[in-house]
Amino acid sequence: MESISLLVSVVAAIIVSLKMGYLNFLQYPTIINIGIWILFVFFNLNTIGNLTAKSPIEKYGFSFLTFRAGFLS
């Protein structure tokens, strides 16, 4: 599971770097925008998952962080 999490993190970092112009190896803005929307949906689904957690730290702390990350992406 850690390798999947690491892979998702790396892909998210690449997508955001492409959107901000730090990386320039992909010149298709439509693909980059689709990647940003996928990140938005992913973070919002993760927020819903955090809100249903039993742990109060995950429920109140991490759900707020993923909610903000979703709307900042």
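Is Ile-34 buried, partly exposed or exposed? The points below answer this and comment on helices 2 and 3 of what is a predicted model.

1. Ile-34 is partly exposed, with a relative accessible area of 46%; this value falls between the cut-offs of 20% for buried and 50% for exposed. The residue belongs to helix 2. Its C-alpha atom is 9.6 Å from that of Ile-15, a residue 19 places away in sequence.

2. An aromatic pair also occurs in helix 2. Searching the whole structure yields 2 aromatic pairs. In the pair formed by Trp-37 and Phe-40, the ring centres are 5.5 Å apart and the planes meet at 85°, so the arrangement is edge-to-face. The angle is decisive here, because planes over 60 degrees apart count as edge-to-face.

3. The spacing of these two residues along the chain deserves a remark. Trp-37 and Phe-40 are 3 residues apart in helix 2, which means that about one helical turn separates them. An α-helix has 3.6 residues a turn, so residues three or four places apart point the same way.

4. The two aromatic residues fall into separate accessibility classes. Trp-37 has a relative accessible area of 57% and is therefore exposed, whereas Phe-40, at 21% relative accessibility, counts as partly exposed. The value for Phe-40 is 21%, and the class of buried residues requires a value under 20%.

5. Helix 3 covers residues 56-72, and its length can be checked against its geometry. At 1.5 Å a residue, its 17 residues should span 24 Å; the C-alpha atoms at its ends are 24 Å apart, so expectation and model agree. The helix nevertheless has a kink of about 30°, centred on Phe-62.

6. Which helix do the buried residues of helix 3 pack against? They pack against helix 2, residues 29-51. Ser-63, Thr-66 and Gly-70 are the residues of helix 3 that are buried.

7. Asn-50, a residue of helix 2, merits attention on the other side of this packing. With 6% relative accessibility, Asn-50 counts as buried, because the class applies to values under 20%. Setting aside neighbours within four places in sequence, Asn-50 contacts Glu-58, Lys-59, Phe-62, Ser-63 and Thr-66. Among these contacts are Ser-63 and Thr-66, both buried in helix 3.

8. A polar atom of the Asn-50 side chain lies 3.4 Å from the backbone oxygen of Phe-62. Phe-62 is also the residue on which the kink in helix 3 is centred.

How values were computed:
Residues are numbered from 1 along each chain as its sequence is written. This is a predicted model: local features need pLDDT of at least 70, side-chain atom pairs count only at pLDDT 80 or more; totals for chains, interfaces and linings use all residues. Side-chain values use heavy atoms; hydrogens and water are left out. Helices (H or I, at least four residues) and strands (E, at least two) are DSSP runs, numbered from the N terminus. The expected span of a helix is 1.5 Å times one less than its number of residues. The bend at a residue is the angle between axes fitted to the seven residues ending there and the seven starting there. Buried means under 20% relative accessible area, exposed over 50%, partly exposed in between (1.4 Å probe, protein chains only). Contact means heavy atoms within 4.5 Å. Rings of Phe, Tyr and Trp (its six-membered ring) pair if their centres lie within 6.5 Å; planes under 30 degrees apart count as stacked, over 60 as edge-to-face and the rest as tilted. A polar contact is a pair of N or O atoms within 3.5 Å; within protein, one must be able to donate a hydrogen and the other to accept it, and residues adjacent in sequence count only if both atoms are side-chain atoms.
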